[in-house]
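Visitor: I'd like to learn how to read pockets, cavities and burial in a model like this one. Could you take me through it step by step?

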Amino acid sequence: MSVKPRQIIETLPPYRAARSVDTLKREYGLEKITKLAANENTLGFSENVWDALKKISSQYPDGSSYNLRSELAKKIGLAPENLVIGNGSFELLYLAGIAYLSHGDETIAAVPSFGWYKTVTQIFGAKFVSVPVKDFHVDLNGIAEAVTEKTKIIWLCNPNNPTGTIFTQQELENFLQKIPGDILVILDEAYVDFVEEENFPDSISLFKKYDNILILRTFSKAEGLAGFRVGYAISNEEIISALNKVRIPLNVNAPAQFAALASLRDEEFRKSTVKNAREQKNIFYKEFEELGFSYVVSNTNFIFFDVGRESDSVVEAFLKEGILIRGGSEYGFPTMIRLTIGTPEENARVIQTFRKIFGGEHG
């Protein structure tokens, strides 16, 4: 082929998403698969969304997502100019790369964490620097020590995916005081609604204090709008302006904007999602203790836990039972599993399957 992409594109691995349910049904001859591998909200989404979708016209969507942005800003206590709406966190992270990364720059993130940080870095010819987690927590001191004159972006997932741990307000403030102001610190808070531990950072107040912070949040988790693709970024007007300059026009479609606005107005659904996650996690913790599994206490809608054997075989055994979970090999933890919290009925099936597979081993 004579037309060649940029050299870096040829070396990029494709993004590894959870396998499609339809594909797995065909492969395993199953009529139904319970998908608990992608941290989606299996409770669905607010009933308000259905009514909102009826109002969509055949016209182009609002290119600035004004109504959604304005209501979000009011709820958070900011100006609309402090927000930009994106096609999920994937796009917002990509926009940060377009706006701030050049060939030869460096970015830093904990490992394991959200894999898209590394991909975005490589797309723009920058170097990705990884700092291993410590006891499943993001090592902020290690990240600060890895900063060089080439560092341009630091990606911080809080709570972290896949470990489910957090760093606190004081830990983040101590970290920010060490970081030069010309480095963009991105706080990816996709799972913020599920945090249970105290002293989680008040990132909104921090971005008013530090002008190099970009906060990312999403409607994919607590609101259950993963299929609509809506996320948002919060920062000062200068950073938001930079993202808007490189943002594709009409990047968030009309159904997504309407659905997010309807979800924003249904606080009860969000609370019910959070309540389900908290209650069901406690059920899993008790079960894991009985089975002899160690686990990481989670501040998210998933649990990262150790089954004490190579987990890929466990994932395979679950698939044969019609349940899709995610093994830890891709994260560097080959005996661990990341399990999304589902409905009580789905979780009961998971527990039953664990007992079936491990019952003989653990009494």
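Guide: Let's begin with empty space. On a 1 Å grid over the protein atoms alone, a cavity is a set of points where a 1.4 Å probe fits but cannot get out, while a pocket is an open set with protein on both sides within 12 Å along at least five of seven lines; lining residues have an atom within 4 Å of a point. Grid points are joined across faces, edges and corners, and a volume is the space filled by probe spheres set on the points. Here, searching the whole structure turns up one cavity of 30 Å³ or more.

Visitor: Before we go on, what kind of model is this, and how are residues numbered?

Guide: It's a predicted model, where local features need pLDDT of at least 70 and side-chain atom pairs count only at pLDDT 80 or more, though totals for chains, interfaces and linings use all residues. Numbering runs from 1 along each chain as its sequence is written, and side-chain values use heavy atoms, with hydrogens and water left out.

Visitor: What volume does the largest cavity have, and which residues line it?

Guide: The largest cavity has a volume of about 70 Å³. Its lining includes Glu-40, Asn-41, Phe-194, Asn-276, Asn-301 and Ile-341. To sort a lining by class, Ala, Val, Leu, Ile, Met, Phe, Trp, Tyr, Cys and Pro count as nonpolar, Asp, Glu, Lys and Arg as charged, and the others, Gly among them, as polar. For the largest cavity that gives four nonpolar, six polar and one charged.

Visitor: Now the open spaces. What is the volume of the largest pocket?

Guide: About 1100 Å³ for the largest pocket. It is lined by 40 residues, and those closest to its centre are Tyr-15, Phe-90, Phe-114, Gly-115 and Trp-116. By class, the lining splits into 20 nonpolar, 10 polar and 10 charged.

Visitor: Which element gives the most to that lining?

Guide: A word on elements: helices (H or I, at least four residues) and strands (E, at least two) are DSSP runs, numbered from the N terminus. The protein has 14 helices and 13 strands. Helix H6 gives the most to the lining of the largest pocket, with five residues. Helix H5 (88-100), strand S3 (106-111) and H6 (116-123) each supply at least two.

Visitor: And how does the second largest pocket read?

Guide: In much the same way: the second largest pocket holds about 390 Å³ of space. It has 18 lining residues, with Ala-52, Asn-67, Gln-257, Phe-258 and Leu-261 closest to its centre. Helix H11 (254-264) is one of the elements that each supply at least two lining residues, and H11 gives the most, with five. The class split is nine nonpolar, five polar and four charged.

Visitor: Back to H6. How many of its residues are buried?

Guide: Burial goes by relative accessible area: buried is under 20%, exposed is over 50%, and partly exposed is in between (1.4 Å probe, protein chains only). H6 is mostly covered, with six of its eight residues buried. They are Trp-116, Tyr-117, Thr-119, Val-120, Thr-121 and Ile-123. Contact means heavy atoms within 4.5 Å, and the buried residues of H6 pack against elements including helix H1 (7-11), H5, S3 and strand S4 (127-132). Just after H6, Gly-125 takes a positive phi of about 75 degrees.

Visitor: Can you show me some single residues, buried or exposed?

Guide: Sure. Glu-268, found in helix H12 (residues 267-291), counts as exposed because its relative accessibility is 56%. Leu-78 sits in the loop between helix H4 and strand S2 (83-86), and it is buried, since its relative accessible area is 14%. Beyond its neighbours within four places in sequence, Leu-78 contacts Ala-73, Leu-83, Ile-204, Phe-207, Lys-208 and Ile-234. Thr-34, in strand S1 (residues 34-35), counts as buried because its relative accessibility is 6%. Not counting residues up to four places away in sequence, Thr-34 touches Gly-322, Ile-323, Leu-324, Glu-346 and Arg-349.

Visitor: How should I read the protein as a whole?

Guide: Start with the radius of gyration, taken over C-alpha atoms; the globule rule is 2.2 Å times the number of residues to the power 0.38. With 363 residues, a compact globule would have a value near 21 Å, and the protein has 21 Å, so the two agree. Of those 363 residues, 53% count as buried. Among contacts with a separation of 6 or more, 74% come from residues 24 or more positions apart.
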